[in-house]
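Colleague: I would like to go through this model term by term and hear what stands behind each label. Could we start once the picture is up?

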Amino acid sequence: MSVAVLRAMGLQLLVRPAAAASSSSARPSLQLPAPAAGPSRPRRPGFPTLRAAAAAAAIAAEPSLQETKAQQNSIMETEVFACPVCYEPLMRKGPPGINLPAIYRSGFKCSKCNKSFTSKDIFLDLTVTAGTKEYSEQKPARTELFRSPLVSFLYERGWRQNFNRSGFPGLDEEFQMAQDYFQPVACGILLDVSCGSGLFTRKFAKSGTYSAVIALDFSENMLRQCYEFIKQDDTLLNANLALVRADISRLPFASCSVDAIHAGAAIHCWPLPSNAVAEISRVLRPGGVFVGTTFLSSPRNNPFSVEALRPLRQIVGPVNTSYNYFTERELEDLCKSCGLVNYSSNVQRSFIMFSGQKPY
């Protein structure tokens, strides 16, 4: 064997142990933290600093994003209320939110006719005559009856409980029946028209089903009585719940702005039911649901309920100051004529709960 070959073999034997030692020492180093300083890695210590700075910048940016969302929500909430004269969305000055404290401290103004609206009382007055000083008008006797302080006080203290004699199943069952109809519009805005003392308003608000509940009545004293019950519950005082005075035939809401409308034992009291249901259809969003209850027409409460005598109602009606009672077919016809679809009803003796939906 030549000297050159021996030298080559010797070099290989020397290189292999060195390489093995080098690889074995390199493996543990992967599991160790990088050295604090070194000429080959001068920028590594800066990476955590950059990440911290980025995180701090993101945190600093969060409040502005939240403020933007709050402003968007405020705009959406304000646009629900509209001028009863021209139906333009109201401009709002004050804290945002559909709740009693925020609305009480807010002022509203129509962007088109400049009519102003305030809540000097515990409710927001959005009637056409709001703010008038000399003008006054009388509604039909059945409407004026519920503006009485005495009737407003007695309504929840015995008056409403007598409805069970006509087949009304009771507040809890009626509430659950209405909730079943409103399932498709859960999480939306609910309007409780002709709310009276707020029997169902409070149930809807405490259910947590809706983003906001607006109690509406023409009677100032009914709304005051409603507030008397609400203020006894701190959860309701801070809930997304508002009290509004308005005319059912001139609803102060933007078109297609409300998801659900409830009218408990109300339509028989309305001066012009057709105008009222037309307004309900206007303010409902596509897919929105209307649920109402009333007394069905019968010989006991309406002498013209008999088919043969019904034409006489057109003659006697103008001088009759009693309530409006309808048959089931009349209620269905009214809802359909105002553009509502998917009519359905539940009848128990003289009680009827009926529902219609705004088409998509």
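Colleague: In which helix does Phe153 lie?

Modeller: Phe153 lies in helix α5, where a helix is a DSSP run of H or I with at least four residues and a strand a run of E with at least two, both numbered from the N terminus. Please keep in mind that this is a predicted model, in which local features need pLDDT of at least 70 and side-chain atom pairs count only at pLDDT 80 or more, while totals for chains, interfaces and linings use all residues. Residues are numbered from 1 along each chain as its sequence is written, and side-chain values use heavy atoms, with hydrogens and water left out.

Colleague: Why is Phe153 called partly exposed?

Modeller: Its relative accessible area is 40%, and the scale calls a residue buried under 20%, exposed over 50% and partly exposed in between, using a 1.4 Å probe and protein chains only. The value for Phe153 falls in that middle range, so partly exposed is the label.

Colleague: What makes Leu150, Phe153 and Leu154 a nonpolar patch?

Modeller: A patch takes residues with over 30% relative accessible area and no salt bridge, joining like charges within 9 Å and nonpolar side chains (Val, Leu, Ile, Met, Phe, Trp, Tyr) within 5 Å. Phe153, at 40%, passes the area cut-off, and together with Leu150 and Leu154 it offers about 270 Å² of accessible area, computed by the Shrake-Rupley method with a 1.4 Å probe, where for residues only the protein chains shown count as cover.

Colleague: Why is Ser219 called buried?

Modeller: Ser219 has a relative accessibility of 1%, which lies under the limit for buried residues, so the label follows. Ser219 sits in the loop between β6 (212-217) and α8 (220-230), and, leaving aside neighbours within four places in sequence, it is in contact (heavy atoms within 4.5 Å) with Phe146, Arg147 and Ser152.

Colleague: How do you know that Ser219 caps the N-terminal end of α8?

Modeller: A side-chain oxygen of Ser219 lies 3.4 Å from the backbone nitrogen of Asn221. A polar contact is a pair of N or O atoms within 3.5 Å; within protein, one must be able to donate a hydrogen and the other to accept it, and residues adjacent in sequence count only if both atoms are side-chain atoms. The distance to Asn221 is within that limit, and a polar atom of the Ser219 side chain also lies 2.7 Å from the backbone oxygen of Phe146.

Colleague: Why is α8 described as largely enclosed by the rest of the structure?

Modeller: Eight of its eleven residues are buried, so the description follows from the count. Among them are Glu220, Met222, Leu223 and Phe229, and what covers the buried residues of α8 includes α5, α7, β6 and β7.

Colleague: What makes Arg202 and Glu156 a salt bridge?

Modeller: Their closest N and O atoms are 2.4 Å apart, whereas the definition asks for a side-chain nitrogen of Lys or Arg within 4 Å of a carboxyl oxygen of Asp or Glu, so the pair qualifies. Arg202 lies in helix α7 (residues 199-207) and Glu156 in helix α5 (residues 149-159), so the pair ties together parts that are 46 residues apart in sequence. At 15% relative accessibility, Arg202 counts as buried, and Glu156 is likewise buried at 15%.

Colleague: Which residue forms a salt bridge with Glu220?

Modeller: Arg245 does, with the closest N and O atoms 3.3 Å apart, within the limit. This pair links helix α8 with strand β7 (residues 241-245) across 25 residues, and both partners are buried. The Lys231 and Glu228 pair also has its closest N and O atoms 3.3 Å apart, but Lys231, at 39%, counts as partly exposed, as does Glu228 at 34%. Salt bridges that share partners join Asp125, Glu144, Arg147, Glu220 and Arg245 into one network, and the structure holds 14 salt bridges.

Colleague: Why do β4 and β10 stand at the edges of the sheet?

Modeller: The open sheet of eight strands runs β4-β7-β6-β5-β8-β9-β11-β10, with mixed pairing, and two strands pair if DSSP finds at least two bridges between them. β4 (124-125) and β10 (341-348) each have a single partner strand, so one side of each is left without a neighbour in the sheet. By contrast with a bare minimum, seven bridges join β9 (residues 284-295) to β11 (residues 351-357), which run antiparallel.
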